[in-house]
Amino acid sequence: GDETLFEDEYESFLYIDVINRGIEAESQRRGFDVLMSSVAFNDENVLQRVAAMAGKTDGLILHDRMLSAVGMARVASIVPIVTLAGSPTAESMNVRCDNESGMRDLVRHLVVDHHYGSVAYLSGRGDSPDNRARARIFEAEAAAAGGDFQVGPAWQGNYSAAGGANVITSLLDAGTALPRAIVCASDQTAIGAMHALAQRGIRVPQDVAVTGFDDVPVARHLHPPLTTVRQPMQELGAKAFEVLYSRISAAGGEPEIVLPVQLIV
């Protein structure tokens, strides 16, 4: 099954791996060493683990949804914090990519350029700021272009290939008619969706078009190559360290940095 096929993917999330390389490269250029710790979504005592890490460092870069607002304030009282793909707070700075323009260009490409009359959004984790922004723009642009669109619990993924595959399998098992195009919240989700479609003999893109978001290196080597939105992931990591360094060295730094993206057809 799909869970077995993708069982090792949580050990190497492609999007996060590229970001981490950017953090390391920029930190080394500035003469800093990086301490790295991985925390799963269901791990216990996350706040205690992050606070312990904060006590050993000059600053922290956290991926989104790591801490609650209360937890963020507590850790920020120890060291400066920059979040990745989250939202800025009174205590922390944030670096993200331009979800809005990327999703807008992607939906217009499908509905206006290709005239696909029905599209669905196979989402990321529901509590992700990136996912919420992409879902909001997806709905607005699909409606404005006059396309039929599908969103909601039946299309709830989690950014993983296994999550994408499970959504497609569940829909097909239920006898649900698929839309002409599926917009996935991430490339990794798209990989899983494409696998599940192929398992059922559904051709991509002849029967159902599939798009991603991120442009991880493997996307261009898929068959067919994946239409996606390129986030400058390595720059995202480097910029996060640059902002953190500004706060550490001079108490400066913009509260939020938004990096541009590009539609890759």
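Which residues does Arg 108 touch, not counting residues up to four places away in sequence? In this predicted model, the residues are Asp 113 and Glu 141. Arg 108 itself is found in helix H5, which spans residues 99-113. With a relative accessible area of 41%, Arg 108 is partly exposed. A further reference point is Val 183, which stands 75 residues from Arg 108 along the chain; the C-alpha atoms of the two residues are separated by 12 Å.

Glu 141, one of the residues touched by Arg 108, also takes part in a salt bridge. Its partner there is Arg 104, with a distance of 3.3 Å from N to O. Because Arg 104 lies in helix H5 and Glu 141 in helix H6, this pair ties together parts that are 37 residues apart in sequence. The two side chains differ in their surroundings: Glu 141 counts as buried, at 13% relative accessibility, whereas Arg 104 is partly exposed, with a relative accessible area of 26%.

A second salt bridge connects these helices. Glu 100 pairs with Arg 136, and the closest N and O atoms are 3.6 Å apart. Here Glu 100 belongs to helix H5 and Arg 136 to helix H6, so parts that are 36 residues apart in sequence are tied together. Glu 100 is buried, its relative accessible area being 18%, while Arg 136 is partly exposed at 47%.

The charged pairs also involve strands. Arg 96 forms a salt bridge with Glu 256, in which the closest N and O atoms are 3.2 Å apart. This pair links distant parts of the chain, since Arg 96 lies in strand S3 (residues 93-97) and Glu 256 in strand S9 (residues 256-259), 160 residues apart. Arg 96 counts as buried, because its relative accessibility of 16% falls under the 20% limit for that class. Glu 256, at 29% relative accessibility, counts as partly exposed. Through shared partners, salt bridges join Arg 96, Glu 100, Arg 136 and Glu 256 into one network. Over the structure, the count comes to 14 salt bridges.

What, by contrast, is the situation of Asp 187, a buried residue that has no salt bridge? The nearest side chain of opposite charge is that of Arg 220, and it is 7.4 Å away. A salt bridge requires the nitrogen and the carboxyl oxygen to be within 4 Å, so this separation does not qualify. The side chain of Asp 187 does, however, have a polar atom 2.8 Å from the backbone nitrogen of Val 216. Asp 187 lies in helix H8, residues 187-199. Not counting residues up to four places away in sequence, Asp 187 touches Gly 212, Phe 213, Asp 214, Asp 215, Val 216, Ala 219, Leu 226 and Thr 228.

Phe 213, among the residues touched by Asp 187, leads from the charged groups to the aromatic rings. Arg 134 lies over the face of Phe 213, at 3.8 Å from the ring centre.

Among the aromatic rings themselves, a search of the whole structure finds 5 pairs. One of them is formed by Phe 138 and Phe 149, an edge-to-face pair with 6.3 Å from centre to centre and 90° between the planes. Phe 138 is in helix H6 (residues 129-144) and Phe 149 in strand S5 (residues 148-150), so that the pair links distant parts of the chain, 11 residues apart. Phe 138 is buried, with a relative accessible area of 0%, whereas Phe 149 counts as partly exposed at 32% relative accessibility.

How are the rings of Phe 241 and Tyr 245 arranged? Their centres are 6.3 Å apart and their planes stand at 25°, so the pair is stacked. Phe 241 and Tyr 245 are 4 residues apart in helix H9 (residues 233-250), which means that about one helical turn separates them. Phe 241 is buried, with a relative accessible area of 6%, and Tyr 245 is partly exposed, at 23%. Together with Phe 32, Phe 241 and Tyr 245 form one aromatic cluster.

Terms used. Residues numbered from 1 in each chain as written. Predicted model: local features only at pLDDT ≥ 70, side-chain atom pairs only at ≥ 80, totals over all residues. Heavy atoms only, no water. Helix = DSSP H or I, 4+ residues; strand = E, 2+ residues; numbered from the N terminus. Buried < 20%, exposed > 50% of the residue type's maximum accessible area, 1.4 Å probe, protein only. Lys, Arg positive; Asp, Glu negative; His and termini not counted. Polar contact = N/O pair within 3.5 Å; in protein donor to acceptor, adjacent residues only side chain to side chain. Contact = heavy atoms within 4.5 Å. Phe/Tyr/Trp six-rings, centres within 6.5 Å; stacked < 30°, edge-to-face > 60°. Lys NZ or Arg CZ within 6 Å of the ring centre and 35° of its normal.
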